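Thanks for coming, everyone. Let me put the sequence and the model on the screen, and then we will walk through it.

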Amino acid sequence: MRRRTGGSPRGMKVEQPDVPIRTCLGCGRRRPKAELVRLVLDASGQPTTESGRAIQARGAYLCGPGCLKAAVKRKAFGRAFKGRARSVDPERLWVALGGEVGGWR
Ligand SMILES: [Zn+2]
């Protein structure tokens, strides 16, 4: 986001900037992209939170570890990545999303 210096003319209504909205794979709620965790596929077709390992631009979004369970149950990854997600390792993702180690089951 660009930061404005020098100030804007007085009396001008400050408009809400266009924030990109994305849908969470788990709960299906639409939220500003910045509030969601972005998942991408790495070279092995595994969803990961490490965007540096992305092999394609397509991403999927989750609110957090709680929504991961719902997403796995709904098999949402297959749809989100158009069938390119091969093996989802929910436990690894769970930790990457901030879940407690061992708390997946
Ligand atoms: Zn969610």
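How many bridges join strand 3 to strand 4? Two, and the strands run antiparallel. Strand 4 covers residues 47–48. Look at the pairing there: Leu 41 stands opposite Pro 47. The hairpin of these strands has five residues between them. Within the hairpin, Gly 45 takes a positive phi near 80 degrees.

Before going further, a word on confidence. This is a predicted model. The protein chain averages a pLDDT of 85. Of its residues, 82% score at least 70. Among the elements, strand 4 has the lowest mean pLDDT, at 91. Strand 2 has the highest, at 96.

Now the overall layout. The chain has five strands and three helices. Along the sequence the pattern reads β-β-β-β-β-α-α-α. Take the contacts with a separation of 6 or more: 51% of them are between residues 24 or more positions apart.

Back to strand 3, residues 37–41. Its other partner to look at is strand 5, residues 60–62. Three bridges join strand 3 to strand 5, again antiparallel. In that pairing, Leu 39 stands opposite Ala 60.

Just ahead of strand 3 is Glu 35, in the loop that follows strand 2. Buried or exposed? Neither: Glu 35 is partly exposed, because 14 other C-beta atoms lie within 10 Å. Its C-alpha atom is 7.0 Å from that of Cys 63. Along the chain, Glu 35 and Cys 63 are 28 residues apart.

Next, the core. As a general point, nonpolar side chains tend to be buried together in soluble globular proteins. Here, 21% of the 105 residues count as buried. The largest nonpolar core has 19 residues. Which of them touch the most other members? Leu 25, Ala 60, Tyr 61, Leu 62, Ala 71 and Phe 77. At least two residues of this core come from each of strand 3, strand 5, helix 1, helix 2 and helix 3.

Stay with Leu 25 for a moment. Setting aside neighbours within four places in sequence, Leu 25 contacts several residues, including Ala 60, Tyr 61 and Leu 62. Also among its contacts are Cys 67, Ala 71, Ala 76 and Ala 80.

On to helix 1, residues 65–73. Its buried residues are Pro 65, Cys 67, Leu 68 and Ala 71. Why do we say that they line one face? Seen down the axis of helix 1, they fall within an arc of 145 degrees, so they line one face of the helix. What do they pack against? Strand 5, helix 2 and helix 3.

Last, two lysines with positive phi. Lys 75 follows helix 1, in the loop that leads to helix 2, residues 76–80. Phi of Lys 75 is about 50 degrees, and Lys 75 is not a glycine. Lys 75 counts as exposed, because it has 11 C-beta neighbours inside 10 Å. Lys 82 also has a positive phi, near 55 degrees. Lys 82 sits in the loop between helix 2 and helix 3, residues 90–96. Lys 82 has 9 C-beta neighbours inside 10 Å, so it counts as exposed.

To recap: strand 3 runs antiparallel to strand 4 and to strand 5. The largest nonpolar core draws on strands and helices. Helix 1 turns one face of buried residues towards strand 5, helix 2 and helix 3. I am happy to go back to any part on the screen.

Methods
Residues numbered from 1 in each chain as written. Pairing = 2+ DSSP bridges. Helix = DSSP H or I, 4+ residues; strand = E, 2+ residues; numbered from the N terminus. Buried ≥ 20, exposed ≤ 12 C-beta atoms within 10 Å, placed from the backbone. Core = buried A, V, L, I, M, F, W, Y, C linked by C-beta atoms within 7 Å. Contact = placed C-beta atoms within 7 Å. pLDDT = per-residue confidence, 0-100. Arc of directions from axis to C-beta.
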